[in-house]
Amino acid sequence: MRVTDISTRANLAGGVALIALAWANHAAAAPSAQDQEARIARLEAAVATLQAQAQQQETLKQENAQLRAEDEDLKSQVATLQDQVLDLKTSTSAQIQDVRSAQAANTASVSGGKPLLSTADGAFTFAPHGVLQFDAAQNFQRAAGPTSSDFRRDGPALGTSGIDAAHARQLKDGDLFRRARLGADGTAFKDFDYRILLDFAGSGVENAGQLYEGWIQYTGLKPFKLKIGAFSPSLGLEDQGSTNGMPFLERPGASDTARALAGGDTRTAAQIYANGDRWFAAGAVTGRTIGVINTGTASATPQTFSDQLAFTGRIAFQPFHGYDWLIQTGVHGSYVDRPANVTGPGTTGATLISSYAVRLSDTPELRVDGTKFIDTGSISARHADTVGVELAAQKKNFFLQAEYESFNVERSEAGVTNPHFYGWYVEGTWILTGEARKFNAGTAAFDAPPVDHPFKLHGSGWGAWELGVRYSEMNLNYHAGAAGTALAATTPGGSITDGIRGGDQKIWTVGVNWYLNPIIRLMLDYEHVDIDRLSPNAALYSTPAGAQIGQTYNVIAARTQVAF
């Protein structure tokens, strides 16, 4: 109880007591008139005092009621604040836990020797990549032939023989960094993939470095994906198999020649494709290959007057499969709608060279020496195309793969027929340690096997061992004619010949692969190479027309590979 309440009540009690006393005195004796008036005055004063005190009491009651209301409101506010503080503590604790969880999830990981950075939800990933392939080769060739017709190399361009009679048949023995790549790929904002890859290696000699792959891909329209940039559009089994897991040092000649026309490495393209577990379909529009600096001459690759325009497509599926076996088949092809214009407006007469031309050539499935033994030379063309069929079969650790390629060129000159060529290969592998080659549904191709027991010098792990054998042929001859004869001119003025002596290349390869672990591999290949090619033109090769400029030789090659 407040002090003012006690005081007020005491005053009231005192006033009431005074009034009662005055009344008692009045009742005891009859006062005089003067005394009566005094008493009345005193009573009135006491009453006035009591009324004032009653009014003060009423005011205090009202103030107390307001104070009680304010007190209750304050208590309510305090309770509300306490609830908010509790909520804040709970929310803060949850946020701290989320941050800690995110920090724990956003850490680097290594799977199969391959590093990966990823956010907790997988919306952003970053994977650095490195590939190092170091090759060494020893050629076993015949001695120099009786004339300079023995093939050395075609030089930097058709028309420069590059033949050295003193070193006829001599190919490079030695080593080469076949691939030396650095880059990264990953995911951004969940629906976008990307890759940037540089390569510093080459064929015959290393390169100064170039953009090898650079693309972005949208994956938000599943199962469809849209890719644009510089990459290898899908053109078959061997084309889409990773170079880190190929069973032999190089692709077969038929596959390399087909992919070089409208697909292949460093090709600018836009591709849409889709796949399921057992099917794949892709279509692309392609352009040029990325130009690079030629380190041998330190001069830039000349700009074309117009880039090539071409289209590629592929369909593959698995009609039969089981828990440890499968059969895959498919078709693929390419169409060059407009060859690149590399020379500008063409000339006329005997030296006519079309501004629009295609050229098919290949190096014999090894790059330590960069010689291209088979070569059609430039063919003036309106269009060109390839059609290929593919077949693969796998049963546990046994694998078989084959492809056939057909090539056609629609010439731009009148009076000559349109040439066609062909190539094919068949290869098989047996993994001695029991692993099976991995099928990649995203490319509808096969990659290196897993390594169940990585190599350990002091332990039971010996890695994975694989044996392989392949036979391939690439024939770039068309109406080649007989040995010892020149190709006959078929156009007025004698400047154009119908036949093409590009050569016929046949190669047997036997290989052994040792996968020490998922990122390190050692390879050893033995090749028997048979090149049958007649000299197309005495003036170009300083040889009698129709002389044999091919050869047969053997080569042993090895590769040390690190790839992640």
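How many salt bridges does a search of the whole structure find? In this predicted model, the search returns 20 salt bridges. Several of these pairs are described below, followed by the nonpolar cores, a nonpolar surface patch and the surroundings of one buried aspartate, D185.

R259 and D239 form a salt bridge in which the closest N and O atoms are 2.7 Å apart. R259 belongs to helix α4 and D239 to helix α3 (residues 237-240), and the pair links distant parts of the chain, 20 residues apart. R259 and D239 are both buried. These two residues also take part in a network of salt bridges, in which D239, D256, R259, D265 and R367 are linked.

A salt bridge is likewise found between E365 and R470, with 3.2 Å between the closest N and O atoms. E365 is located in the loop between β15 (361-362) and β16 (374-375), whereas R470 is in strand β22; the pair links distant parts of the chain, 105 residues apart. Both partners, E365 and R470, are buried.

The side chains of R411 and D498 form a further salt bridge, at 3.8 Å from N to O. Because R411 lies in strand β18 and D498 in the loop between β22 and β23, the pair ties together parts that are 87 residues apart in sequence. R411 and D498 are both buried.

The largest nonpolar core contains 33 residues, and V358, V409 and F421 are those with the most contacts inside it. At least two residues of this core are supplied by each of α4 (253-262), β17 (379-395), β18 (398-411), β22 (464-478), β23 (500-515), β24 (520-532) and β25 (552-563). Helix α4 provides the largest share, four residues. Helix α4 is also the element that holds R259 of the salt bridge with D239.

With neighbours within four places in sequence left aside, V409 is in contact with V358, I379, A381, H383, A384, N418, P419 and F421. Two of these partners, V358 and F421, are named together with V409 as the residues with the most contacts inside the core. A second core, separate from the largest one, has six residues, among them L237, L326, F399 and F446.

On the surface, a nonpolar patch is formed by F124, F189, F192, Y218, L221, F224, L226 and I272, which together have about 810 Å² of accessible area. Strands β6 (210-221) and β7 (224-230) each supply at least two residues of the patch. I272, another member of the patch, is in strand β8 (residues 267-275). The relative accessibility of I272 is 46%, so this residue counts as partly exposed.

D185 lies in strand β4 (residues 174-188). D185 counts as buried because its relative accessibility is 15%, under the 20% limit for that class. The side chains of D185 and R195 are joined by a polar contact of 2.8 Å. When residues up to four places away in sequence are not counted, D185 touches T125, F126, A127, H129, Y194 and R195. R195 therefore appears both among the residues touched by D185 and as its partner in the polar contact.

Definitions and conventions: Residues are numbered from 1 along each chain as its sequence is written. This is a predicted model: local features need pLDDT of at least 70, side-chain atom pairs count only at pLDDT 80 or more; totals for chains, interfaces and linings use all residues. Side-chain values use heavy atoms; hydrogens and water are left out. A nonpolar core is a set of buried Ala, Val, Leu, Ile, Met, Phe, Trp, Tyr and Cys residues joined through side-chain atoms within 4.5 Å. Buried means under 20% relative accessible area, exposed over 50%, partly exposed in between (1.4 Å probe, protein chains only). Contact means heavy atoms within 4.5 Å. Patches are made of residues with over 30% relative accessible area and no salt bridge: like charges are joined within 9 Å, nonpolar side chains (Val, Leu, Ile, Met, Phe, Trp, Tyr) within 5 Å. Accessible areas come from the Shrake-Rupley method with a 1.4 Å probe; for residues, only the protein chains shown count as cover. A salt bridge is a side-chain nitrogen of Lys or Arg within 4 Å of a carboxyl oxygen of Asp or Glu. A polar contact is a pair of N or O atoms within 3.5 Å; within protein, one must be able to donate a hydrogen and the other to accept it, and residues adjacent in sequence count only if both atoms are side-chain atoms.
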